Every structure is written in C-alpha cells, then in structure tokens.
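Visitor: I am new to this structure and would like a close look at one part of it. Could you take me to the largest nonpolar core and show me what surrounds it?

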Amino acid sequence: MTGTDIVSPLTWESRRTILGMGGADPASAEVDRLPGWVSLLRAPNPGPMTLDGTNTWILRAPGAEYATVIDPGPLDEAHLRRIAELGPYQFILITHGHHDHVEGAERLSELLGGTAVLAVDPAHCRNGEPLDPRESLGGNGLEIHVLDTPGHTGDSVCFLVECGNERVVFTGDTILGCGTTVVAAPDGSLSDYLTSLELLRSYEEVLMLPGHGPARTDTGALAQEYLDHRRERLAQVAAAMAAGAETPEAVVDVVYPDIDPRVRFAAEWSAAAQIDHLRRESAARADGLDRL
C-alpha cells in the first residue's frame, strides 16, 4: 500500500467485539486520506491482537532526500524489502519493543546498509543512541518530538511529527485505531498508562496514526475516550474485588463475561494490571492516613 490509501477490512464493530471495548462509536472519526508526506505499509501479520497487521509508517517531507520509518514490524523479508525500496532513510524509529513492531528492524537496517535504529531501550538500537524524550529529531523537512508515554510497555513512546503547518501523532500501541490497548504487568503499568493518556489528551484535533488499525482525526478526543473507558473498567474491577474476586481469572469472569476466547489471556493481563493499580492506590491512601 502506498501514498494516501488506508485499507481496513475489519469493521469497527468486529474489532470492538474482539478486544472487548463496549460503548458508543469512537469520538475520533476514521481518516480516509493521509497527509501527502505520510505513507503506510501494513505488515502481513493480521490477528486478534494485531488487527489488520502492524502499521509501518514512512515519512518523507516534500522534496526531501531522506525519509523516516516508524515501526518496521515483524521479520518478514518481503515486507522489509518493500520498505527498503522506498528509501533512503535518515533513521528507523521504534515506538516500543514488542516483536510485531521491532523484530524486523535489524534486518531492515542491514538491507539499507546500516541505517540507524533508534528506540528508548538500548537493546533495540543499532548504530545510534537511545531516544531521549527531552530531545527532538530534526532534518529533512521534519521535526520529530519524542513523547514519553510508558504504560503499554515501560519503553513506549509516541512521536509528534511536524511537517510544514501539519502535525501528526504516531501512537504505536499506546492508542490503537480501534479497540483498547492491553497493559500487561510487569512491563506494563496502568498508573503510567493513565498518565500517558492525560498527556495525549492535550493533542486535540491532531491526526492520530496508530500502530494497529485505522488512522483517526483527533488524538486528544480518543485519549479522553480511552481514559473514560479505563476509569469505567477500574470501577467495575473494584466492585468485583469488593465482592470477592481476588485473581485476574476471577475478575475476568465477572467484568468480561462475554470476552472472545481468543483474547481472554489479554483480558487476564489487563485485569492483573488493574488489580495491581487498585491495590497500589489503596496502599497509598492507607499510608497517607497513617502519616496524618
């Protein structure tokens, strides 16, 4: 897929059913056309957790010699060669260390003759230093700001990219194009994730390009929807725990009774993160009262 096309073979309803996200239609509408300086190559790895597949984003400012790749995806030779054919590239950027985003990075760098791979986690870097959220990456007509957004994983970042008078946020798995994001302990932290959503909520009416699923018109609106959904779930989990559900499995039985069996394991991961978050909050409140 090239240029401004977006293919979304699964409907919003089917994605929402798979990932267990109820409620109304999303506040941020799907996007039919991408900015002219952004292209999408979707990796051939569809599934319940990857939706249509991992979105590999290619950014090239008008007239620029070098482009930038965000999330080369899995180790699929044909997909990586398609990416390489659209080079040359200044660098390869990674939103987080899950294999469906980073597995092909080292091979892509080889195909490109050693192009730098930049990530927060040094283990995923090649020929370059780890990303620092306090700094920006410039050159070739793009200004790329690294947003510190841990929670889905400890090393998750988003990228706010400016090209001319256009701004776009690439969210990786922190916010998906549909459904909800899994926060799995111990690498993931729900407390961090909620803070990251608060940050992304400030990018109102800024185009959102996710790691999976369709692009959406408003990063801030979707971040707010995610926050509302998480708080609703936390209240349900707290009620289930008060009624005696003490394990992730027991919480899922109560809170997610109709979960698709294919992704029950992900619901249990999320439940574990929710239980941990609620217990930490309870302990912090108790400590505060003791101090008083």
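Guide: Here is a walk through that core, followed by a few stops elsewhere in the chain.

Please keep in mind that this is a predicted model. To get your bearings, the chain has eight helices and 10 strands. Of its 292 residues, 52% are buried. Among contacts with a separation of 6 or more, 60% are between residues 24 or more positions apart.

Now to the core you asked about. The largest nonpolar core has 37 residues, and those touching the most other members are Val169, Ile175, Leu190, Leu200, Tyr203, Tyr226 and Val251. Two or more residues each come from strand E8 (157-163) and from the helices H5 (190-200), H6 (219-242), H7 (248-255) and H8 (264-291). The biggest share is that of H6, which gives seven residues.

Let us stop at one member, Ile175. Leaving aside residues up to four places away in sequence, Ile175 touches Thr181, Leu197, Leu200, Met208, Pro210, Thr219, Leu222, Ala223 and Tyr226. There is also a second core, separate from this one, with 28 residues that include Leu40, Leu131, Cys163 and Leu209.

Two of the residues that Ile175 touches, Leu197 and Leu200, bring us to helix H5. The buried residues of H5 are Leu190, Tyr193, Leu194, Ser196, Leu197 and Leu200. Looking down the axis of H5, you would find them within an arc of 160 degrees, so they line one face of the helix. A general rule helps here: an α-helix has 3.6 residues a turn, so residues three or four places apart point the same way.

Past H5, on the way to strand E10 (207-210), a loop holds Glu205. The phi of Glu205 is near 60 degrees, a positive value in a residue that is not glycine. Glu205 has a relative accessible area of 70%, over the 50% cut-off, so this residue counts as exposed.

Another helix lets you look at both of its sides. In H2 (residues 77-85), the buried residues are His79, Leu80 and Ile83. These cover an arc of only 95 degrees around the axis, and therefore sit on the same side of H2. On the face turned away from that buried side are the exposed residues Ala78 and Glu85. The cover over the buried residues of H2 includes strands E1 (38-42), E2 (55-59), E3 (67-70) and E4 (89-93), together with helix H4 (105-111).

In the loop from H2 to E4 you will find Pro88. Gly87 and Pro88 are joined by a cis peptide bond, with omega at about 5 degrees. For comparison, most peptide bonds are trans, and most residues other than glycine have a negative phi.

Our last stop is the largest pocket, which holds about 430 Å³ of space. Its lining has 21 residues, and Met49, His98, His152, Asp173 and Trp269 lie nearest the centre. Helix H8, which also gives residues to the largest core, supplies at least two residues of the pocket lining, as does helix H3 (99-102). Sorted by class, the lining has nine nonpolar, nine polar and three charged residues.

How values were computed:
Residues numbered from 1 in each chain as written. Predicted model: local features only at pLDDT ≥ 70, side-chain atom pairs only at ≥ 80, totals over all residues. Heavy atoms only, no water. Core = buried A, V, L, I, M, F, W, Y, C linked by side-chain atoms within 4.5 Å. Buried < 20%, exposed > 50% of the residue type's maximum accessible area, 1.4 Å probe, protein only. Helix = DSSP H or I, 4+ residues; strand = E, 2+ residues; numbered from the N terminus. Contact = heavy atoms within 4.5 Å. Arc of directions from axis to C-beta. 1 Å grid on protein atoms, 1.4 Å probe; cavity = no way out; pocket = protein on both sides within 12 Å on 5 of 7 lines; lining within 4 Å. Points joined across faces, edges and corners; volume = space filled by probe spheres on them. Nonpolar A, V, L, I, M, F, W, Y, C, P; charged D, E, K, R; others polar.
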